[in-house]
Structure formats: C-alpha cells, structure tokens
Amino acid sequence: MKITDVSLAILELPDAAASGHELIQVPGLPRVQYTHRARPVQRTATQAFLEVRTSTDILARCDCSLSPDQVGILRHHVLGANPFHREHLFQMFHKGTRWVYQPPGWFGAFDNCLWDIAGQAAGLPVHAILGRVRERLPAYLTGGDGTVQDYLDAIACGRAMGIQAYKFHTYKGGDADIPIFRAVRREVGDAYDLINDPVCSYTLREALAVGRVMEELGFLWLEEPMHEQKLNLYQELCRGLDIPVMATETLMHDMDLTAQWLLQGGTDYLRARATHGTTQVLKLAHFAELQGARVELNGPGGLCGLVHAHVGCCLENTSLYEYFGATGDALRREGQGWGLLNAPLIQNGHIAPPDGPGWGAEWDEEWFQRLTVARH
C-alpha cells in the first residue's frame, strides 16, 4: 500500500458566523491582568480537513488547522510512502520540523490520518489497535468565568448529563476565588469532583494560597495558574503544594519541551491534545507513566471528540474527558454541521468511541462535498 494523494479541503458552513476574541483588562486587581471575551468577526465559519488517500482506495480524513503550504510540504515528502511506516514518518517530520520552519506538532492531523488508515486496512477501530483499558471515559464539564450561582447552574447542567466533575475557569484573581470555591463545595458536597483552571491569571502567591484551599476542599488539580514561560515559578509552586499542578497547556504542541517540564519539576501532570498527533500523545503518556505521572487530554480532540474518545480509553494514566457542551449531544450536532454523522455522545456522564474501522467516522459525503469551497 502507498500514499497516493494528500489534499486540503476547505469547508464553509452556510448561515454560520465565525467568532473571535478581544482583550479586556480584569477590574479590581492591584496589578495589570487581562482576560478575553467573544467578538463577532465578519466572515463565515470555515473548517479545514486533511485527506490522505492510498493505492487501495482508503480515504482518511481529519479536521486540521494546516495551511496549503504545510500540506504542500507533506505531499512532497509522503507521496509513494507506505502509510504503515507511521513511526518513520513521525520521526522524519518531528526531527525535521526545524528545517522546514514549522512549529512542533504541526503535522498532527497527518499522523491521525495514518492511524485511521491502519484501522481501516485492518478492519479494526483504533482503540483495538492501541489496546483498550476501559470501555468508556468519564467526562468533566468545563465552564466559563462567573458567580457562585453561575457555577452552580453549570454544575446542574452537567449533572443532568450524568457528569460528576466540573472545572472552573476563573479570571478574577485568587483572593476572589477562595470564597467562591468554598461556597460551591458546600453546595455540591464532598463526593463531587472539582478542578480549577485560572488560565494564567494568578501570581505565585495567589496560586499557593488558592492551592492550599483547594487541598482542603479536595479538588483534583490546579491547572495553568500562571503563564507557562515561568518554569522557576512553577517549580516553586509544585514544591509548595500537595495538590497536583498541571502546566504545559500552551506548550503541549512541543513534545520534547513538555517532557522537560515534568523532568524539571515544573508540573505534576502533563497536558496533551491529539490534534498535535496521536503518536505524540502516546509518547507523552507513556513517558509520564514511567515517571508516575498522569496525562490529561485537552478539549475534544480531532473529529469532534472521536479521536480523544479512542485515545482516552486506551491510556491507563488519564482520568477524564474535557467537555464543553450544554447538552450531551453537543459534539454530535457540531460534527453534523460539517457532515460527520456520529461524533460521540455524553451518556451517563461518559464518552466512548465507536467500533467502526479506524476512527469510525461516518460521513454524509454529499453534504461534505457541498460545503467544500476550495481544495489545495
């Protein structure tokens, strides 16, 4: 089997507007701190998909953020290659990233397509090839910044889906967060899992103070409390807290740099996302396992949750799937907009992958082609 084509399909969704962000300064703090809010932009919602075809008529498809120039690099190097030589191709692009002037992890969608091809050729789901450790993965609901009541309303929404864990996003500063966390813990009880992600909005002092309260309240982990360029501050934070600290979200595209943070004591857990490639996630997870650490997957991953559903059910040292939807079918509805018919559902608080070959994606091909406005 050989790779015969690599192409980029650009889709536009009718009657759907794209959105962006604008910076706003956080009020009431004795320092300059920013957060963001949504802003409309004057363009139609678009999504790119990488497609890889083989000499045996297998088509693999994965959503991506690749540019036409990056797809050109891929095409130049892999046409005629054996798609089963996945590790060779990974090493070539990983080690050669510096010399094609791309950011680490840039070829992740191509790697995901190779896993899809392997599964389709074998007639097996990717989770069977990787080796499954669980039938389904529990989810936690991630919410936005808000008041005590906002958080409680979001938790109630999650509980209606069977979700028993919630992650705060907070931008108000540590002193404001402590009473909120205490109030929410009183309302939800001790058995409910809570996580805190202040998205780089704490000082080291605040992170230490909030982290100690989180230990008292039984939170699962403290995520990205400070900007992740400050390794020395994270090392001090990890030394000062018993609760696990999870850094590296803005570094997780770089496998080697992420590993160094764990080795240097700047994080207790690793962050990873399969949009940077399933092979990279597996390498990070197995490295973390040998260090006695965990890896937690960021966001839905590729194909509206399909990729992370497979991978998460095959990693012993991961615990939860990160979910953003207000209903259990949010991923399904998002995927259907682009022609992906079977994105996973949240059922009884869990996500599970399908058993079809490869990633198991089922497409409305006519709709997908109708939405396609350009190919490269």
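This briefing covers selected helices, strands, loops and cysteines of one protein structure. The model is predicted. Helix H6 spans residues 174–188, and strands S9 and S10 form part of a right-handed β-α-β unit. A search of the whole structure finds zero disulfides.

**Helix H6**

- Helix H6 has 15 residues, and the distance from its first C-alpha to its last is 21 Å, close to the 21 Å expected at 1.5 Å a residue.
- Buried residues in H6 include Gly174, Asp177, Ile178, Ile180 and Phe181.
- Ala183, Val184, Arg185 and Val188 of H6 are buried as well.
- The cover over these buried residues includes two helices, H5 (148–160) and H7 (204–217), and two strands, S5 (165–169) and S6 (193–197).
- Glycine 189 follows H6 and has a positive phi, near 90°.

**Strands S9 and S10**

- Strand S9 (residues 269–272) pairs with strand S10 (residues 294–297) in the parallel sense, over four bridges.
- Alanine 272 has leucine 297, in S10, as its bridge partner.
- Helix H10 (residues 278–290) joins S9 and S10 in making the right-handed β-α-β unit.

**Asparagine 112 in helix H3**

- Asparagine 112 is located in helix H3, which covers residues 108–122.
- Asparagine 112 has a relative accessible area of 2%, so it is buried.
- Its side chain reaches the backbone oxygen of alanine 274 at 2.9 Å.
- Apart from neighbours within four places in sequence, asparagine 112 is in contact with Cys62, Ala274, Thr275, Gly277, Thr278 and Trp359.

**Cysteines**

- With zero disulfides found in the whole structure, cysteine 157 is in no disulfide, and the nearest cysteine sulfur, that of cysteine 304, is 19 Å away.
- Cysteine 157 is partly exposed, because its relative accessibility is 26%.
- Cysteine 314 is also in no disulfide; the nearest cysteine sulfur belongs to cysteine 313 and is 6.6 Å away, whereas the cut-off for a disulfide is 2.5 Å.
- Cysteine 314 has 10% relative accessibility and therefore counts as buried.
- Cysteine 304 lies in the loop between S10 and helix H11 (306–312).
- Although cysteine 304 is a residue other than glycine, its phi is positive, near 50°.
- Cysteine 304 counts as buried, at 12% relative accessibility.

**Other loop residues**

- Leucine 29 sits in the loop between strand S1 (3–25) and strand S2 (34–54).
- The C-alpha atoms of leucine 29 and glycine 173 are separated by 7.3 Å, although the two residues are 144 residues apart along the chain.
- Outside its neighbours within four places in sequence, leucine 29 is in contact with Lys172 and Gly173.
- Threonine 97 is in the loop between helix H2 (86–96) and H3.
- Threonine 97 counts as buried, with 7% relative accessibility.
- Not counting residues up to four places away in sequence, threonine 97 touches Gln102, Pro103, Pro104, Trp106 and Phe107.
- Asparagine 348 lies in the loop between helix H12 (330–338) and strand S12 (350–351).
- Asparagine 348 is not a glycine, yet it has a positive phi of about 50°.
- The relative accessible area of asparagine 348 is 62%, so this residue is exposed.

Technical notes. Residues are numbered from 1 along each chain as its sequence is written. This is a predicted model: local features need pLDDT of at least 70, side-chain atom pairs count only at pLDDT 80 or more; totals for chains, interfaces and linings use all residues. Side-chain values use heavy atoms; hydrogens and water are left out. The expected span of a helix is 1.5 Å times one less than its number of residues. Buried means under 20% relative accessible area, exposed over 50%, partly exposed in between (1.4 Å probe, protein chains only). Contact means heavy atoms within 4.5 Å. A polar contact is a pair of N or O atoms within 3.5 Å; within protein, one must be able to donate a hydrogen and the other to accept it, and residues adjacent in sequence count only if both atoms are side-chain atoms. Two strands pair if DSSP finds at least two bridges between them. A crossover is right-handed if, with the strands pointing away from the viewer, the path from the first strand over the helix to the second runs clockwise.
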